[in-house]
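Here is a short report on a protein chain and its ligand. It starts at the ligand and then moves out to the fold and the backbone.

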Amino acid sequence: MVGTWCRSGLGRLKKTVRHSRPLMFVNELMHQPKFTGAICPSSRKLGRYMAKHIPLNHDGIVIELGGGTGVITQAILDHGVPADKLIVIEFSNVFAQHLQRRFPHLTIINGNAADLDALLPPDVRINAIVSSLPLISLPPEVRSRILHHWQTLLKDEGRAIQFTYNLRQTQWQASLNACHYSSEIVWTNVPPARVMTFRFAA
Ligand SMILES: C[S@@+](CC[C@H](N)C(=O)[O-])C[C@H]1O[C@@H](n2cnc3c(N)ncnc32)[C@H](O)[C@@H]1O
């Protein structure tokens with residue numbers, strides 16, 4: 001009797017964690033701290049500040065890296081990017097499943113951004129990469145493969161949009177051969193975040 005009660009209580013708790021975005025976040029943070037890289041989901045304002053840099057007059061696709069709970073994904077759609085021009089790459093299978101439930105009409109790929117070239121259709125033209133990846137806490141080898149993909153995939157005037165909780169210059173920026181064209185702090189995000197944008201040229 002007590003065993004059944006405990007099992008059904010545990011089942012309810014698991015369901016609550018599965019459907020509550022902040023709890024899902026804490027759960028992922030405990031299991032994969034270096035990959036989750038944040039204590040809670042991004043704010044909607046941060047999403048808007050990221051999405052506003054995506055050009056809408058470009059026929060390439062938009063790649064979101066590290067979709068998490070989908071706050072930035074929603075902002076990208078609200079900005080006007082059509083669903084068939086957005087591909088979301090998410091490493092955690094818990095977040096990837098959540099994203100597929102929340103956005104059934106989107107292409108969600110459960111994979112590692114370090115393998116970006118292999119995950120995308122061949123010869124795809126990319127308009128922008130919008131990244132929430134915790135570049136500072138990721139293993140250095142993973143980070144350098146991701147930055148290498150930015151460099152090669154965005155060489156036709158593409159742009160990268162990244163946020164960081166480091167409000168000063170980050171070390172990985174120095175290894176990027178790109179023109180850094182804007183930087184803005186969203187003070188009301190928890191914690192405050194800096195949105196950076198980069199342009200790449202052939
Ligand atoms: C700071 S959280 C993103 C928060 C998200 N904007 C939100 O509001 O929920 C970082 C996300 O990047 C994902 N991630 C980390 N490393 C990754 C990688 N190498 N490839 C793909 N996704 C990755 C994590 O699983 C996590 O969902």
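In this predicted model, a nitrogen atom of the ligand is 2.7 Å from an N or O atom in the side chain of Asn112. Such a polar contact is a pair of N or O atoms within 3.5 Å. The contacts with ligand nitrogen are listed here.

| Residue | Partner atom | Distance |
|---|---|---|
| Asn112 | side-chain N or O | 2.7 Å |
| Ala113 | polar backbone atom | 2.8 Å |
| Ser132 | side-chain N or O | 3.3 Å |

The ligand on its own has 600 Å² of accessible area, and the protein covers 99% of that. Areas come from the Shrake-Rupley method with a 1.4 Å probe.

The ligand takes up the space of the largest pocket. A pocket is an open set of points on a 1 Å grid over the protein atoms alone, where a 1.4 Å probe fits, with protein on both sides within 12 Å along at least five of seven lines. Helix H3 (33-36) and helix H5 (71-79) are the elements that give two or more residues to the shell.

There are 23 residues around the ligand, each with a heavy atom within 4 Å of it. Phe35, Ser42, Thr69, Glu90 and Asn112 come nearest. By class, the shell has twelve nonpolar, ten polar and one charged residues.

The chain has nine helices and seven strands. These are DSSP runs, with at least four residues for helices (H or I) and at least two for strands (E). For 202 residues, a compact globule would have a radius of gyration near 17 Å; the chain has 18 Å, which agrees. The radius is taken over C-alpha atoms, and the globule rule is 2.2 Å times the number of residues to the power 0.38. The C-alpha atoms fill a box of roughly 70 × 35 × 30 Å along the principal axes.

Two backbone features remain. Most residues other than glycine have a negative phi, and most peptide bonds are trans. The bond from Val190 to Pro191 is cis, with omega near -10°. Pro191 lies in the loop between strand S6 (179-186) and strand S7 (193-199). Asp123 has a positive phi, near 60°. Asp123 sits in the loop between helix H7 (116-119) and strand S4 (126-131).

Residues are numbered from 1 along each chain as its sequence is written, and side-chain values use heavy atoms, without hydrogens and water. Local features need pLDDT of at least 70 and side-chain atom pairs pLDDT 80 or more, while totals for chains, interfaces and linings use all residues.

Notes: Polar contact = N/O pair within 3.5 Å; in protein donor to acceptor, adjacent residues only side chain to side chain. 1 Å grid on protein atoms, 1.4 Å probe; cavity = no way out; pocket = protein on both sides within 12 Å on 5 of 7 lines; lining within 4 Å. Sits in = over half its atoms within 2 Å of the grid points. Nonpolar A, V, L, I, M, F, W, Y, C, P; charged D, E, K, R; others polar.
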